[in-house]
Each structure stands twice: as structure tokens, then as C-alpha cells.
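Dear colleague,

Please find below the structure I am handing over to you. My findings follow directly after it.

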Protein chains: 2
Amino acid sequence: MRNSAAAAKREARLDLDRFLPYRLSVLSNRVSGAIAKAYSDRFGLSIPEWRVMAVLGGTPSLAAREVAERTAMDKVQVSRAVDSLMRARRVARTADAADGRILRLSLTPKGRAIYDEVVPLALHLEDVFLSALSPDERRQFDALLGKLARQAHLLGGETK
Amino acid sequence: MRNSAAAAKREARLDLDRFLPYRLSVLSNRVSGAIAKAYSDRFGLSIPEWRVMAVLGGTPSLAAREVAERTAMDKVQVSRAVDSLMRARRVARTADAADGRILRLSLTPKGRAIYDEVVPLALHLEDVFLSALSPDERRQFDALLGKLARQAHLLGGETK
DNA sequence: GGCGATTGGTTTCATATGAAACTATATTGC
DNA sequence: GCAATATAGTTTCATATGAAACCAATCGCC
């Protein structure tokens, strides 16, 4: 009895099915994957591309750096996603009047049209997943996710 | 007023900060990243390598395919992780007596020693994250995560 | 007003990843 | 018992990714 702590330590097991990082990772990949498949099939958008469009749809004229901050992507990823979105004429950019380093990004009409189709689709699929929870449970989950995100933010610093 | 549904559709916005897949992805990456950094720094283990070791620590003599199933990894990933773990003498394998295609995997003593160090470390870090929640909230979160995982499983089929 | 340190953004390079092809063994149906 | 098919695992190839180097342009400050 007295050695139970030491014994527990030596015999420690880790059950992946109960381990938070593993559970989060599997769930996240399943949810993101299912939604990504929908917009990838229809519009050939990758996840980074869609994230850039999502943020520009809500707030146009952002600098690439601001897009990176809001999407938790790094600037290389943003640069590449913007590059391919521009080649597809879904995003356009203009020089900033005041600061020559900055290029301001916005959806083109073509990009906006896609955004307007993808948003309801994404929200619908989110809703299908969340239909496993009652309205009350959704609120709980929302709150708990928020607490954990804040905690992770405090501890981690880094994102990705 | 009467057109509000159509209007809502046309004007649909997506706020990434409230969008489930995005929130899960950021949280998952932060949590996994922080824990992965710990065992990567100390033992040079990648996430796939650690997952393979984690499952073999709890259940030895698994075939690679079984490891893949339990870790939600694909067989290529498992094959490569096993390859590097074997080169580091952390995992060994033996031919299956009954089926010549199968190679049964287990931790070596060296691998076991690492497992015995990483498990308490991983559990400790998990606990640090979860310390943002009360015991009651943890139980809630556990249950809600379970419901969503089942839902995702039903809908998705695929994992990763 | 001009030089060193910063910042926005892109490119390079080395590594990680997944899909599909491949090898070898087992199983099934005849 | 043997062809057709399926399964375990590895390799190949093409693409995705991140860290670090890089090229402006701006800011700080003397």
C-alpha cells in the first residue's frame, strides 16, 4: 500500500483512447477532413486556401501578415495559398498606399461567389456534427473548448 | 422580414473563431505540439513514433496493421515509424508463427524504458492542460468529446 | 538625412506525407 | 491442388510543409 505511488509510476500505462491529445487529433482530423472534402471536391480548395478566403470574406483588405495571425497559419503557408488563389483569380491584391511593403488582399467577385457558396455548406456540415449534442450540451462544449483554448494559449505561446 | 432566410443565406459570414473545425484544429495542434515537443526534445521521438510506442507499451505483439488501426495512422506511416524505431533499437519484430505475412512488433527493453519515462510525462502535461477545468467540467468534456467522436465516426468513415 | 535594426513577404532547401504500385504470402472457389 | 483474389507490409513518386535565407521597404535614432 505504502508504495502505491512508486508502483503506479513504474506501471503507468497510457490508453490512447483516453488520452486528450490523441482524441482531439482524431476528432479534429475527422471533422476538418469531412468539411474539407466537400469544398475540395466542389471548388478544388485546400484547407489553407479556404482559411484565407474565410478570413477575407469576413474582413477584406487585410495584409498577409494579418491573415496569418487570424488563421493561425504561418506566413509561408499564407504566401503560398495566396499565390494559388491569385492564379485562380479568387483573390486580388493592391499595394498599400502608406507602406510599400504591404499588399492588401481581398476576394475578387469570383472569390466572393465561392465564399457565398462554401459558407452555408460549411455551417451546415458543422451543424450535422453538432447535432449529436443537445442545445445545452453545445453551449457547454463551446464554453469548455474556450477554456481549454485559453489554457493552451497561456501555456503554449505557439499555435499551429 | 419575410425574406430574412434568403437574406441570411446571401449574407452568411463565417467567423473562424466560432467555427468548430478551426477551433478543434488549433486546440489539437497546440496540445499535441506542446506534448510532442517534450518527448521530441528528450528522446527524439516524432508523433507517429510515439504513437506506435504508446500502443505497443500497452499491448505488445501487435501486427503493424493492428497498430495502424489503434493509432488511426495509415500503414505507410506505421511502416516508416517502425523502421526508424527499429533502427534505434526501440522496437523489435518477430515473424508470426502461423502467418508468414505478419510481423509482430514489441518494445525492446530500451523502448520500454523510454515508454516508462514518457508516459508519466505525457500524463502530467495532459493534466496541466486539463487543470483549466474543474473535475466536473472534465467529466463533461470527456463525455461530450466521446459523443462527437462517435458522431464523426458514424458520418465520416475515414479517420486520420 | 542617412545607416543599422525591423518588418512584410517570397524563395530555397531539406524533410514529411499519402496515393498508388509493388512483393510476398494466404485464402477461396472450383 | 491450383488459378483468382485478398491481405501484410514496403517502396516509389509526386506533393506538402517548415525553417532559414533572402529581398525589399520602413522605422529609429544619431
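The surface near DNA strand D is made up of eight nonpolar, three polar and seven charged residues. Please bear in mind that this is a predicted model. In total, 18 residues surround DNA strand D, and the closest are G100(A), A64(B), R65(B), S79(B) and R101(B). Two or more residues each are given to this surface by α5 of chain A and by α4 (64–71) and α5 of chain B. The most comes from α5(B), with four residues.

As for DNA strand C, 18 residues lie around it, of which A64(A), R65(A), S79(A), R101(A) and G100(B) come nearest. Here the elements giving two or more residues are α4 (64–71) and α5 (75–87) of chain A, together with α5 (75–87) of chain B. With four residues, α5(A) has the largest share of the surface near DNA strand C. By class, that surface holds eight nonpolar, three polar and seven charged residues.

I turn now to the contact between the protein chains. Chain A and chain B each bring 57 residues to the contact. On the side of chain A that touches chain B, the elements giving two or more residues are α1 (4–10), α2 (20–43), α3 (47–58), α4, α6 (109–130) and α7 (135–156) of chain A. Among these, α2(A) provides the largest share, 15 residues. This side of chain A comprises 31 nonpolar, 12 polar and 14 charged residues.

Yours sincerely

Conventions. Residues are numbered from 1 along each chain as its sequence is written. Chains are lettered from A and ligands numbered from 1 in the order in which they are written. This is a predicted model: local features need pLDDT of at least 70, side-chain atom pairs count only at pLDDT 80 or more; totals for chains, interfaces and linings use all residues. A residue is near a molecule or strand if its C-beta atom, placed from the backbone, lies within 6 Å of it. Ala, Val, Leu, Ile, Met, Phe, Trp, Tyr, Cys and Pro count as nonpolar, Asp, Glu, Lys and Arg as charged, and the others, Gly among them, as polar. Two residues are in contact if their C-beta atoms, placed from the backbone, lie within 7 Å.
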